[in-house]
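Me: I have a model open here and would like to talk through how it is packed. Can you take a look with me?

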Amino acid sequence: INVTGIINSGEQPVTKVAEAFKKLNKGGIIEVKVPFVPAPLIEKLASLSAGHWLVKRKDNSFSVYFCKL
């Protein structure tokens, strides 16, 4: 899910990403593309039993991968 447009419009992507995450089966992974490290999003999904890791891209954006534990 690329949420850059949502963030650039001033909105929060937490609800959209959390809804997609909840649909995953155990062990499922979702990739979220963001322009910066989204600490509130990481905290929210951690509360939903998500593991995560970050990859910094060449353009200085990030991909955050969330895995349903």
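Me: Let's start in the middle of things: what do the buried residues of helix 3 pack against?

Reply: The buried residues of helix 3 pack against helix 2 (14-22), strand 1 (29-34), strand 2 (50-56) and strand 3 (62-68). Please keep in mind throughout that this is a predicted model.

Me: Which residues of helix 3 are buried, then?

Reply: Within helix 3, which runs over residues 39-46, the buried residues are Leu41, Ile42 and Leu45. They cover an arc of only 100° around the axis, and therefore they sit on the same side of helix 3. As general background, an α-helix has 3.6 residues a turn, so residues three or four places apart point the same way.

Me: And what is exposed on the other side of helix 3?

Reply: Pro40 and Glu43 are exposed there, on the other side of helix 3.

Me: Pick Ile42 for me. How buried or exposed is it, and what does Ile42 touch?

Reply: Ile42, which is found in helix 3, is buried, with a relative accessible area of 13%. Leaving aside residues up to four places away in sequence, Ile42 touches Val37, His52, Leu54, Val64 and Phe66. For Val64 there is also a distance to quote: Ile42 and Val64 are 22 residues apart in sequence, and their C-alpha atoms are 8.5 Å apart in space.

Me: What about Ala46, is it buried, exposed or partly exposed?

Reply: Ala46 lies in helix 3 as well, but Ala46 is partly exposed, with a relative accessible area of 43%. Its C-alpha atom is separated by 9.8 Å from that of Cys67, and these two residues are 21 residues apart along the chain.

Me: Now helix 2. Which of its residues are buried, and what covers them?

Reply: In helix 2 the buried residues are Val17, Ala18 and Phe21. These cover an arc of only 100° around the axis, which puts them on the same side of helix 2. The cover over the buried residues of helix 2 includes strand 1, helix 3, strand 2 and strand 3.

Me: Stepping back, how many helices and strands are there, and in what pattern?

Reply: The protein has three helices and three strands, and read along the sequence they follow the pattern α-α-β-α-β-β. The radius of gyration is 11 Å, close to the 11 Å that the globule rule gives for 69 residues, so the protein is as compact as a globular protein of that length.

Me: What are the spans along the principal axes, and what share of residues is buried?

Reply: The C-alpha trace spans about 30 × 25 × 15 Å along its principal axes, and 36% of the 69 residues count as buried.

Me: What share of the contacts comes from residues 24 or more positions apart?

Reply: Taking the contacts with a separation of 6 or more, residues 24 or more positions apart account for 60% of them. Phe62 offers a case to look at: Phe62 is found in strand 3, and Phe62 and Val32 are 30 residues apart in sequence but 8.2 Å apart in space, C-alpha to C-alpha.

Me: What else does Phe62 touch, and is Phe62 buried or exposed?

Reply: Phe62 is buried, with a relative accessible area of 15%. Not counting residues up to four places away in sequence, Phe62 touches Val32, Lys33, Val34, Pro35, Phe36, Val37, Val55, Lys56 and Arg57.

Me: Changing topic to the backbone: which residues other than glycine have a positive phi?

Reply: Ser49 is one of them, with phi near 65°, and Asn60 is another, with phi near 70°. For context, most residues other than glycine have a negative phi.

Me: Where do Ser49 and Asn60 lie?

Reply: Ser49 lies in the loop between helix 3 and strand 2, whereas Asn60 lies in the loop between strand 2 and strand 3. Ser49 is partly exposed, with a relative accessible area of 42%, and Asn60 is partly exposed too, at 48%.

Me: Last one, on the surface and the charges: how much area is exposed, and how far apart are the mean charge positions?

Reply: The protein exposes about 4,300 Å², of which carbon and sulfur atoms supply 53%. The protein has 10 positive and 5 negative charges, and the mean positions of these two sets are 7 Å apart.

Conventions. Residues are numbered from 1 along each chain as its sequence is written. This is a predicted model: local features need pLDDT of at least 70, side-chain atom pairs count only at pLDDT 80 or more; totals for chains, interfaces and linings use all residues. Side-chain values use heavy atoms; hydrogens and water are left out. Helices (H or I, at least four residues) and strands (E, at least two) are DSSP runs, numbered from the N terminus. The radius of gyration is taken over C-alpha atoms; the globule rule is 2.2 Å times the number of residues to the power 0.38. Buried means under 20% relative accessible area, exposed over 50%, partly exposed in between (1.4 Å probe, protein chains only). Contact means heavy atoms within 4.5 Å. Accessible areas come from the Shrake-Rupley method with a 1.4 Å probe; for residues, only the protein chains shown count as cover. Lys and Arg count as positive and Asp and Glu as negative; His and the chain ends are not counted. The place of a charge is taken as NZ of Lys, CZ of Arg, CG of Asp or CD of Glu. The arc is that of the directions from the helix axis to the C-beta atoms.
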